Amino acid sequence: MFTSLFLTLGLVHLVALASPGPDFALILRTSLHRPTALGAALGIALAILLHATLSLTGISLLIASQPWLFLAVKLVGALYLGWLGWGALKAAWQGSGDLALRAGGERPGWRKGVKSGLATNLLNPKAMLFFMGLLAAMVTPQVDGLTRGLLILELFLLSLVWFSALAWSLSTPRAQHLLGRIQRPLNLMTGLLFGAVSLSILVDLQGHWPAA
């Protein structure tokens, strides 16, 4: 009955996954260390799972309807993305890919990747707004609970497969050889991307800060 819904939602989600953004930049930056990159892929997928669950249960809408709470989420997300961008820019300046991986003082590894992926997507308010808008537009009240659960699972699995495949392919010796030759501009690009997203969130905050 809802076959077209699964197909349409899956297609839209795949297009969104393929679009350059903080998630893609994180996988690209962590691809120097395959376990970290694969961990980041899992972390991003788990964050998308949570976003979809919160959106379909109405919790995201509740958060967005509380001005101070939503602004706090935006502020934390902007600061975190800005911090990641600063780490990548320092790596570009010093010519060290390992420095970008060690943001926060932790050694690169699977757990570090999961935490970075989870935080990067979960703390990005634009991701929350995307899923709120997408699922509100496509999932009507007539869709039952089981179907909603399967839709959430679909989004999670598509995200996990996409980012895991991306992490694996970018961490192959051949890909690393090519990426190693452009390490500095790559770190510069990812740093600027994270910084631009962070700045756009902060600029948006100025226009929506509640009056005292």
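Select Leu 188 to begin, a residue found in helix H11, where a helix is a DSSP run of H or I with at least four residues, strands are E runs of at least two, and both are numbered from the N terminus. This is a predicted model, in which local features need pLDDT of at least 70 and side-chain atom pairs count only at pLDDT 80 or more, while totals for chains, interfaces and linings use all residues. Residues are numbered from 1 along each chain as its sequence is written, and side-chain values use heavy atoms, with hydrogens and water left out.

Leu 188 counts as partly exposed because its relative accessibility is 40%; buried means under 20% relative accessible area, exposed means over 50%, and partly exposed lies in between, with a 1.4 Å probe and protein chains only. Leaving aside neighbours within four places in sequence, Leu 188 is in contact with Leu 89 and Ala 92, contact meaning heavy atoms within 4.5 Å. Add Trp 93 to the selection, and you will find its C-alpha 8.1 Å from that of Leu 188, although the two are 95 residues apart in sequence.

Stay in helix H11 and move to Asp 204, which is partly exposed, with a relative accessible area of 31%. The C-alpha atoms of Asp 204 and Leu 71 are 9.8 Å apart in space, with their positions 133 residues apart in sequence.

Next, display helix H3 (residues 34-56), whose end C-alpha atoms are 33 Å apart; this agrees with the expected 33 Å, because its 23 residues are taken at 1.5 Å a residue, the expected span being 1.5 Å times one less than the number of residues. Just after H3, look at Gly 58, which takes a positive phi of about 85°.

Within H3, select Ala 41, which is buried, its relative accessible area being 0%. Which residues does Ala 41 contact, leaving aside neighbours within four places in sequence? They are Ile 27, Leu 160, Phe 163 and Ser 164. Ser 159 can be added as well, since its C-alpha is separated by 8.0 Å from that of Ala 41, with the two residues 118 apart along the chain.

Ser 164 brings you to helix H9, and, not counting residues up to four places away in sequence, it touches Leu 38 and Ala 41. Between the C-alpha atoms of Ser 164 and Ile 27 the distance is 9.0 Å, while 137 residues separate them in sequence.

Now colour the largest nonpolar core, which has 36 residues, those with the most contacts inside it being Ile 27, Ile 48, Leu 135, Leu 155 and Phe 163; such a core is a set of buried Ala, Val, Leu, Ile, Met, Phe, Trp, Tyr and Cys residues joined through side-chain atoms within 4.5 Å. Among the elements that give two or more residues to this core are helix H1 (3-18), helix H5 (67-94) and helix H8 (125-138). Centre the view on Leu 155, which, leaving aside neighbours within four places in sequence, is in contact with Leu 9, His 13, Ile 48, Ala 52, Phe 131 and Leu 135.

Turn then to Leu 146, which lies in helix H9 (residues 145-170) and counts as exposed because its relative accessibility is 62%.

Finally, show the whole protein, which has 11 helices and zero strands, and in which 44% of the 212 residues count as buried.
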